[in-house]
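Visitor: I'm new to this structure, and I'd rather get to know one spot well than skim the whole thing. Please pick a single part and walk me through it slowly.

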Amino acid sequence: MKKCLLILLFVLFFISCKQDKPADVEIEEMSQTAEELSQSFTERIPPITDDFKVNIYELQERIKIEPDNVDLRKQFCASAYSTEKMVMVTMGLARMTNPETGEPINRGMVERAAKIDATRWALYGTNWLMYDYQPAFKEIKGNFTRKTQVINKVVVGDSLFLYLASDLSQ
């Protein structure tokens, strides 16, 4: 009985050791692929000019004022999305001081808030491209799961403007 148990344990150990090796190789290959993908995404990010930054800011602000205006959504998508590079660039905005107390807000929290805002705009832009410029602004729900990269940050007065590139090739 002991011999059978010992042989069974040896066989199980041998099988488990054999199965671990391919998994390790597969993980390495997957991480290399992810690294290569991130490099190709970075290379596809279009350069942004000051005119682009102003235009995206103005379009986003106008959409907030006129959330039902489909023409503004079309203009936003035409400006923010590069069809040849399959990258959308959006802007997030965050205040750097508490408006009630005037106290400065932790820089990390300010950047996080601006990135969340830029990601929300990327979610809108992606949905507008996919669903004939619907839904109206303020009517979106969901998560944005595309690869993103912060490409620029500008402080103007009390506000941080953060520009985010999103990979829509997936």
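Leaving aside its neighbours within four places in sequence, which residues is Gln-60 in contact with?

Guide: Gln-60 is in contact with Phe-76, Thr-90, Met-91 and Trp-121, where contact means heavy atoms within 4.5 Å. Before we go on, keep in mind that this is a predicted model: local features need pLDDT of at least 70, side-chain atom pairs count only at pLDDT 80 or more, and totals for chains, interfaces and linings use all residues. Residues are numbered from 1 along each chain as its sequence is written, and side-chain values use heavy atoms, with hydrogens and water left out.

Now, where are we? The chain has four helices and four strands, running α-α-α-β-β-α-β-β along the sequence. (Helices are DSSP runs of H or I with at least four residues, strands are E runs of at least two, and both are numbered from the N terminus.) Gln-60 sits in helix α2, residues 50-65. With a relative accessibility of 1%, Gln-60 counts as buried; that word means under 20% relative accessible area, with exposed being over 50% and partly exposed in between, using a 1.4 Å probe and protein chains only. Across the chain, buried residues make up 31% of the 170.

Two of those partners, Phe-76 and Trp-121, also pair with each other. Eight aromatic pairs turn up in the whole structure. To pair, rings of Phe, Tyr and Trp (its six-membered ring) need centres within 6.5 Å; planes under 30 degrees apart are stacked, over 60 edge-to-face, and the rest tilted. Phe-76 and Trp-121 make a tilted pair, 5.5 Å centre to centre with 50 degrees between the planes. Phe-76 belongs to helix α3 (residues 70-80) and Trp-121 to helix α4 (residues 107-130), so their pair ties together parts 45 residues apart in sequence. Phe-76 is buried at 0% relative accessible area, and Trp-121 is buried at 0% too.

Follow the rings a little further and you reach Tyr-124 and Phe-137, another tilted pair, at 5.0 Å centre to centre and 35 degrees between the planes. Tyr-124 is in helix α4, while Phe-137 is in the loop between α4 and β3 (148-156), 13 residues away. Both Tyr-124 and Phe-137 are buried. Put it together and you get one aromatic cluster: Phe-76, Trp-121, Tyr-124, Trp-128 and Phe-137. Gln-60 touches two of its members, Phe-76 and Trp-121.
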